[in-house]
Amino acid sequence: MARAVAERPEHRAWRRWPLPAVYAWAGGWWLLLMASWLGWPAGGALVLGTVPALWFQGWVPPGWRRWVVLGGLPLLMLTTAGVSAVGPWGWLGIALLLLVLYPLQAWRDAPVFPTPPEALRGLGETVALAPGAAVLDAGSGLGHGLLALRQAFPGARLEGVESSLLLVWLSRWRLWRAYRINPGSPLELPCRVVRGDMWASSWAGFDLVYLFQRPESMRRAWDKACGEMKAGAWLVSLEFEVPGVAPMSRLTCPDGRFLWIYGLGR
Ligand SMILES: C[S@@+](CC[C@H](N)C(=O)[O-])C[C@H]1O[C@@H](n2cnc3c(N)ncnc32)[C@H](O)[C@@H]1O
């Protein structure tokens, strides 16, 4: 089913996310400094500083990443204004918190964006899973995807894998709160969340893998699913499609995004 696809410009190594944001932020900051150093008026320096963001936002698909690219300069100015207020220990604390939240290996994958509560509506009717079927949320974040999967497949055995330890703890707490059961006991849990790298952990035992990641991850996810999952299993992706692969079905979420449903070996 998989076909070769032409490499898209945003897939080239030097254009891959988050490099456009780095170029925009660093370029904008540098131009701003240069303009101030040359004695430009503040307004002119600001206009010049926004040019890289306007240019590099065109390198990323529409959506939250464009806002990250465009928001760099205003954020840098705000934080600079706040540097003295927060102090060096404060900034170190913020940096450490960010590192726990997003370990380095996750920087090229998707940040935490939750699955909206109704996004998987209709999935349970479209994909028939046997009771006790194993379902994985690959990159389970704060557990929103797991809760939506629970609604779609009440009889399934759910598991989440998440690279950020802090998000693993927070999601276990959220799921515990939702179900009021012991998060330490995998046997009793309706959802088990483990810390790990979704690319390194096997998908072989799962009947369905759900992803809400990013466009660039979808080809890799498809290849992994085809290599590891059994025929008859499912790969489901919120918002981002597998390039060059025809889905078995496509549902429209209440917010207008698509839910892409791929059948393996069909
Ligand atoms: C867009 S969020 C989706 C969260 C959740 N699946 C949901 O739908 O509510 C993507 C999550 O994937 C996690 N992630 C990114 N790369 C990962 C990796 N290689 N292994 C495990 N988790 C990863 C991120 O930390 C983030 O929490």
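Colleague: Which residue puts a polar backbone atom 2.9 Å from a nitrogen atom of the ligand?
Modeller: Keep in mind that this is a predicted model. The pair falls within the 3.5 Å cut-off for a polar contact. The backbone atom sits 2.9 Å from the ligand nitrogen and belongs to M198.

Colleague: And how much of the ligand's accessible area does the protein cover?
Modeller: On its own, the ligand has 600 Å² of accessible area. With the protein around it, the covered share of that area is 99%.

Colleague: Which residue has a polar side-chain atom 2.7 Å from an oxygen atom of the ligand?
Modeller: D197 deals with a ligand nitrogen, at 2.8 Å from an N or O atom in its side chain. The 2.7 Å pair involves a ligand oxygen instead, and its side-chain partner is E162.

Colleague: How many residues of the shell around the ligand are charged?
Modeller: There are 23 residues surrounding the ligand, with T115 and G139 among the closest. The shell splits into 10 nonpolar and 9 polar residues, and the charged ones come to 4.

Colleague: Which residues have the most contacts inside the largest nonpolar core?
Modeller: That core holds 49 residues. One of its best-connected members touches L136, V209, L211 and M229, among others, and that one is W203. The two with the most contacts inside the core are L123 and W203.

Colleague: Is C253 buried or exposed?
Modeller: The cut-off for buried is under 20% relative accessible area. C226, at 41%, counts as partly exposed. C253 has a relative accessible area of 4%, so the word for C253 is buried.

Note on methods: Residues numbered from 1 in each chain as written. Predicted model: local features only at pLDDT ≥ 70, side-chain atom pairs only at ≥ 80, totals over all residues. Heavy atoms only, no water. Core = buried A, V, L, I, M, F, W, Y, C linked by side-chain atoms within 4.5 Å. Buried < 20%, exposed > 50% of the residue type's maximum accessible area, 1.4 Å probe, protein only. Contact = heavy atoms within 4.5 Å. Near = heavy atom within 4 Å. Polar contact = N/O pair within 3.5 Å; in protein donor to acceptor, adjacent residues only side chain to side chain. Areas by Shrake-Rupley, 256 points an atom, 1.4 Å probe, with all protein chains shown as cover. Nonpolar A, V, L, I, M, F, W, Y, C, P; charged D, E, K, R; others polar. Lists of a residue's contacts leave out its neighbours within four places in sequence.
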